[in-house]
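Reader: I'm more at home with pipettes than with coordinates. Could you show me how to read a protein model, one feature at a time?

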Amino acid sequence: MCLVRFERAALCVLLSGVVFSAVGMAQLLPPPPQMPPVPQAPPMPSMPSMPSDSQGPPPDPSQQGQQQEQQRRSNQQGAVGFLGVWCAQGDPSKQASISSNGPMLNLTNESGSTSIGNLQGNNQIVAPEWQFVTGTLSGDGRRINWSNGTFWARCYGGGGGGGGYRTPNLNGNWYPNGNRSLQCSIQQRRGNLTLQNEVGDRATGSFNGKWSVTTNWQGNRITGTINRDGTRIDWSNGTYWVRYRLYGQ
């Protein structure tokens, strides 16, 4: 009986020693190494935004066309005042001329020398072939003052004297675009003209050649080309005036 108790006690002591040894060993052993953290993938960079157009939407092609047409008409109106026959230094025997050539002008001086003319605004013209001399048109359209100290004046026929040619007689009633129900008029006194259109607007004008006149309608210059029998005037704005003559007149 005592032997059995002793064996049980020895077994308990033995088991206790094993437990204590295991605990001691556990305390003596270093802790297991920790697994390194799984590296995180770097964040993808955001795509750069497309630069915005700071100039706004593209221009409307129709608006561009309107602006170009307005500029073209403005250039035409400015060029009209320069067209025609001129007398250098006001001398009828020294005739010069300015004619149109599309967007530019052709200039010929009293010696026959030529140059293109570049319009600068509505009242100035530059002649590159003549050392870039600049001509300024007077307010009444009758004189060009050149930057080299010379000038050109309008050559007037005056009904048969002074200008080297006889101008046609434009006095009388005229009809716009041939419409007999509407009436215009021209009063001619020597080289000067007074015009009235079908709505009562008035203008002044003058001859700048035997078959050409230039007019000023409240700042808008319009030239007219007269046919050879003096019964029609074709205006540079696309209209025309006619007059009807009875037999015997």
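Author: Happy to; we will go from the overall picture to strands, turns, single residues and a pocket. Please keep in mind that this is a predicted model.

Reader: Let's start broadly, then. How many helices and strands does the protein chain have?

Author: The protein chain has two helices and 16 strands. Of its 249 residues, 29% count as buried. Contacts along the chain are worth a look too: among those between residues at least 6 apart in sequence, 34% join residues at least 24 apart.

Reader: And how do I read strands that sit side by side? Which strands make up the closed barrel?

Author: The general idea first: strands of a sheet pair through backbone hydrogen bonds, either parallel or antiparallel. Here, eight strands form a closed barrel in the order E9-E10-E11-E12-E13-E14-E15-E16, and their pairing is antiparallel. From one strand to the next, the twist averages 30 degrees.

Reader: Can we walk along part of that barrel? Which strand does E11 pair with, and over how many bridges?

Author: Strand E11, residues 192-196, pairs with E12 in the antiparallel sense over five bridges. Within that pair, Leu193 stands opposite Gly205 in E12. The hairpin of these two strands has five residues between them, and Gly200 takes a positive phi near 95 degrees there.

Reader: Is E12 mostly covered or mostly open?

Author: E12 is mostly covered, with six of its eight residues buried. Going on from there, E12 (residues 202-209) meets E13 (residues 212-217) in an antiparallel pair with five bridges. Gly209 is opposite Ser212 in E13, and Phe207 has Val213 as its bridge partner. Two residues make the hairpin link from E12 to E13.

Reader: What is the bridge partner of Val213 in E14?

Author: In E14, Val213 is partnered with Gly224. E13 and E14 are antiparallel and share six bridges. Their hairpin has two residues between the strands, and Gln218 in the turn has a positive phi of about 50 degrees. You can then follow Gly224 onward, since its bridge partner in E15 is Trp235. The pair it belongs to, E14 (residues 220-226) with E15 (residues 232-235), is antiparallel and has three bridges.

Reader: You keep pointing out positive phi values. Which residues outside the barrel hairpins should I look at for that?

Author: Try Gln89 and Phe132. Gln89 is not a glycine, yet its phi is positive, at about 55 degrees. Gln89 lies in the loop between strand E1 (84-88) and strand E2 (95-101). Phe132 likewise has a positive phi, near 55 degrees, in a residue other than glycine. Phe132 is in the loop between strand E5 (124-127) and strand E6 (133-137).

Reader: Why does Gln89 count as partly exposed, and why does Phe132 count as exposed?

Author: Gln89 counts as partly exposed because its relative accessibility is 42%. Phe132 counts as exposed because its value is 56%. The cut-off used here is that exposed means over 50%.

Reader: How would I read the surroundings of one residue, say Val126? Where is it found?

Author: Val126 is in strand E5, and it counts as buried because its relative accessibility is 14%. Setting aside neighbours within four places in sequence, its contacts are Ile116, Gly117, Asn118, Gln120, Phe132, Val133 and Thr134. So the Phe132 we just met is among the contacts of Val126.

Reader: And Ile116, from that list?

Author: Ile116 is found in strand E4, residues 114-120. It counts as partly exposed because its relative accessibility is 28%. With neighbours within four places left aside, its contacts include Leu105, Leu107, Val126 and Ala127. Ile116 and Ala127 are 11 residues apart along the chain, and their C-alpha atoms are separated by 5.9 Å.

Reader: Last one: pockets. Which residues line the second largest pocket?

Author: The general idea is that rolling a probe the size of a water molecule over the atoms shows where empty space is left. In this model, the second largest pocket has a volume of about 200 Å³. Its lining is made of Pro176, Asn177, Asn197, Glu198, Trp217, Ile222, Trp235, Asn237, Thr239, Tyr240 and Trp241. These residues divide into six nonpolar, four polar and one charged. Trp235 is a familiar name in that lining, as the bridge partner of Gly224.

How values were computed. Residues numbered from 1 in each chain as written. Predicted model: local features only at pLDDT ≥ 70, side-chain atom pairs only at ≥ 80, totals over all residues. Heavy atoms only, no water. 1 Å grid on protein atoms, 1.4 Å probe; cavity = no way out; pocket = protein on both sides within 12 Å on 5 of 7 lines; lining within 4 Å. Points joined across faces, edges and corners; volume = space filled by probe spheres on them. Nonpolar A, V, L, I, M, F, W, Y, C, P; charged D, E, K, R; others polar. Pairing = 2+ DSSP bridges. Helix = DSSP H or I, 4+ residues; strand = E, 2+ residues; numbered from the N terminus. Axes fitted to C-alpha atoms, helices over the stretch in contact; angles between N-to-C directions. Buried < 20%, exposed > 50% of the residue type's maximum accessible area, 1.4 Å probe, protein only. Contact = heavy atoms within 4.5 Å.
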